[in-house]
Amino acid sequence: MTTTQRRGAIAVLRMKNPPLNSLGLALRKALVAALDRAVADKKVRAIVLVGDERAFSAGADIREFSSSGSNMEPNLLAVIGTVERSPKPVIAAISGVCMGGGLELALACHFRVAAESARIALPEVKLGLIPGAGGTQRLPRLVGLETAVNMIASGNIVPAKRLGGTPLFDAMTADDVTAAALAFANKIVDEKRVAPLVRDRKLSYPQADAFLHFARNAVASVSRGMPAPVKCVDAVAAAVSQPFEAGLATERSIFRELMVTPEAGALQHAFFAERAASKIADVPERIKPRAIKQVAVIGAGTMGGGIAMNFANAGIPVALLEVKKDALERGIATIRKNYEGNVKKGKLTAAKLEERMALIRPTLRYEDIAKCDLVIEAVFEDIGVKEQVFRQLDKVMKKGAILATNTSTLDIDRIAKFTRRPKDVIGTHFFSPANIMKLLEVVRGKATGKDVLATVMGIAKKIGKTAVVSGVCDGFIGNRMVEQYVRQGLFMLEEGASVQQVDKAIEKFGFAMGPFRMGDLAGNDIGWHIRKRRYIEHPQMKYSKIADKLCELGRFGQKTGSGWYRYEAGRRDAIADPIVDEIIAAERKTLGIKPRKLTDAEIVDRLLYALTNEGAALLGEGIAQRASDIDIVYLTGYGFPVYRGGPMFYAQQQGLFNVVRRMQEFAANPHGDPKFWRPAPLLQRAVVAGSFDAAAAKRTRRSRS
Ligand SMILES: NC(=O)c1ccc[n+]([C@@H]2O[C@H](COP(=O)([O-])OP(=O)(O)OC[C@H]3O[C@@H](n4cnc5c(N)ncnc54)[C@H](O)[C@@H]3O)[C@@H](O)[C@H]2O)c1
């Protein structure tokens, strides 16, 4: 976990806990022992504490949060105390990332020497916490109140270079940080410099109260639903108003208070869920992915253009193929316009724009893409058109090329059969706008090769997407669930709620957008199209006709200027429209429903549990690998509030027994649909097993035996 080398009078103590030197129990123990040895060694006059190129230390081992590991002695505070009280000066040599507990450790050292390329942060707020090992008290003493508040309340990474010149760093180097720290250590030994303590530094700021008041308001306005960011400001405020030890105690008590909040639980769940999503049970990490050097996208429409941008942004050459010249030109022009928007916002330089455009190669001929390693089809959602394209791809693409489809609703296994290489076929379901949305559903067909799957998961990461594996089914994970959510929203309109009430209730819960605003944005015609198919496939299934009535009037949403709301030219504000209320009232009359008042709590629970129940069905069918994958789909693709953890986590928090009881209440409502609220078998089993995953594990064991 550590190695120590003596260089003259200096002990170089290196942390070795790859990949990021997280401060788990074993490293903490080793650190204290190594420090003790260096202090005891009469030949040592100073100690250089160093990590490696990737990381000085990325901080606490978050896996220990859910066990009692982080409290096991020596805990981080004890390690920090050992460093701070060392009778021989300790110099932190900072390279790579230095975050969270890692930065708190460096702050307790007597001196800090940093590589210019190092990156520092106190990101605890992103897990619903504040730094809990002195970070909120020491950092402001070195970088000043304002910078500390910004860093701690945002959790963002700051390049060390930007803080060069502040007392945070005693020296900075463009070269080897260990060598620079050694030279620095020799110098302070020669000069017999006293080892200063950060805790002894005075923190003064003119009119600190006024600034902190402003900071609290500013932070509160961007952290709706999350208690931690404002608490970060409170903790830093203690560094100004209280002596050091009292400030530490304040920090500790806020940390403890936050540790048990549902929001911190949800954010930590999301953190682990995102990492878990990239793992596929039967695809071992040793499987060698195929090399992806060139990509092709078929169709330069809404999705194709956005998909191509992802690759250009990651520096991967991408060909864009269309049938017609004008469609191709239009597609390329839209991409350029998108990039120009980024240039205007200062997010991209004009030179980078040209670099990216140069990576996108427009073409009308399949021969031009034959050598690409991955091709993603994004043509019209029509099985006939897809067939044509895949037969053509099968003919021209080189052996080993991966053939992906962006279809939202069509059967991937059927598409695979259009080729003589179903193993190479996979679904890559991007979300609109494809250049912005994080989520990518990777759809695994019956025949999809494991190496194909591993390759696509890898490339997804490269282009900055959060990929979740889904099996083949209508709508995959996200849209299959959203259909039930919207169905439930419509039933509530029939029963007495208004469009605005439904949207507002779930937006207050934290969703970015309610179901009706979402429909207006995505286009209500999409759902209409799907419903028409459902009426034929499942004639028994209950559907509200209100949305159809709206579509019959051409109210498809923002693109037609009206939908569930009306829109004024050039603006996106959703304005309530009495015509919609009239349509709803007429439908209630036809159904003989006397409207009743629905509470916001009923609205929220019905929408959420519609998602949860369908999610449980997906898990039971093995379409989703694990409950947390479903949460990730909703957090990254559907505007589910991250501090609620996703529909499966949230339900688990409420108690699955209570969730099922609530569903029974809804089934018994006047006009309730008992069929809709029949708990998925896996949900029922999960009540007994204690969790979705425990119930799903039984499913896996059974299906294996
Ligand atoms: N729009 C969305 O929100 C969304 C989201 C996820 C997935 N999808 C899926 O992505 C695919 C494309 O959707 P879109 O919204 O971009 O459609 P679109 O109509 O905007 O674009 C389709 C493009 O494909 C081109 N095209 C048609 N036939 C072709 C062929 N044989 N060869 C080459 N190009 C051809 C068309 O000229 C058009 O430019 C569909 O399968 C759709 O279901 C769409």
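This tour moves through a predicted model, stopping at two groups of strands, the ligand and three single residues.

**Stop 1: strand β5 and its neighbours**

Begin by selecting residues 90-94, which form strand β5. All 5 of the 5 residues are buried, so the strand is largely enclosed by the rest of the structure. Display the side chains next: Val 90, Ala 92 and Ile 94 point one way, while Ile 91 and Ala 93 point the other way. In a regular strand, side chains alternate between the two faces of the sheet.

Add residues 46-50, strand β3, which runs parallel to β5 and is joined to it by 4 bridges. Within this pair, Leu 49 stands opposite Ala 92 of β5. Then add residues 111-115, strand β7, which also pairs with β5 in the parallel sense, over 4 bridges. Here Ile 91 is found opposite Phe 111 of β7.

**Stop 2: strands β11 and β12**

Select residues 295-298, strand β11. Val 295 and Val 297 point to one side of the strand, Ala 296 and Ile 298 to the other, and all are buried. Extend the selection to residues 318-321, strand β12, which runs parallel to β11 and is joined to it by 4 bridges. To locate the register, find Val 295 and its bridge partner in β12, Val 318.

**Stop 3: the ligand**

Centre the view on the ligand and show the residues around it. Of these 22 residues, Met 303, Glu 322, Glu 381, Lys 386 and Asn 406 come nearest. Three distances to oxygen atoms of the ligand may be displayed in turn:

- Met 303 places a backbone N or O atom 2.8 Å from a ligand oxygen atom.
- Glu 322 has a polar side-chain atom 2.5 Å from a ligand oxygen atom.
- Ser 408 has an N or O atom in its side chain that is 2.9 Å from a ligand oxygen atom.

On its own, the ligand has 830 Å² of accessible area, of which the protein covers 79%. Colouring by secondary structure shows where the shell comes from: α11 (302-313), α14 (383-396) and β16 (425-430) are the elements that give two or more residues to it. Which element gives the most to the shell? That element is α14, with 3 residues. By residue class, the shell divides into 11 nonpolar, 8 polar and 3 charged residues.

**Stop 4: Val 283**

Move to Val 283, in the loop between α10 (262-277) and β11. Is this residue buried or exposed? Val 283 counts as buried, because its relative accessibility is 8%. Leaving aside residues up to four places away in sequence, Val 283 touches Arg 444, Lys 450, Leu 453 and Ala 454. For a sense of scale, select Val 12 as well: its C-alpha atom is 41 Å from that of Val 283, and the two are 271 residues apart along the chain.

**Stop 5: Asn 217 and Glu 507**

Select Asn 217 in helix α7 (residues 208-221). With a relative accessible area of 46%, Asn 217 is partly exposed. Its C-alpha atom is separated by 8.3 Å from that of Val 230, 13 residues apart along the chain.

Finish at Glu 507, in helix α18 (residues 499-509). Glu 507 counts as buried, since its relative accessibility is 16% and the limit for buried is under 20%. Beyond residues up to four places away in sequence, the contacts of Glu 507 are Arg 224, Ala 512, Met 513, Gly 514 and Arg 517.

Methods:
Residues are numbered from 1 along each chain as its sequence is written. This is a predicted model: local features need pLDDT of at least 70, side-chain atom pairs count only at pLDDT 80 or more; totals for chains, interfaces and linings use all residues. Side-chain values use heavy atoms; hydrogens and water are left out. Buried means under 20% relative accessible area, exposed over 50%, partly exposed in between (1.4 Å probe, protein chains only). Two strands pair if DSSP finds at least two bridges between them. A residue is near a molecule or strand if one of its heavy atoms lies within 4 Å of it. A polar contact is a pair of N or O atoms within 3.5 Å; within protein, one must be able to donate a hydrogen and the other to accept it, and residues adjacent in sequence count only if both atoms are side-chain atoms. Accessible areas come from the Shrake-Rupley method with a 1.4 Å probe; for residues, only the protein chains shown count as cover. Ala, Val, Leu, Ile, Met, Phe, Trp, Tyr, Cys and Pro count as nonpolar, Asp, Glu, Lys and Arg as charged, and the others, Gly among them, as polar. Contact means heavy atoms within 4.5 Å.
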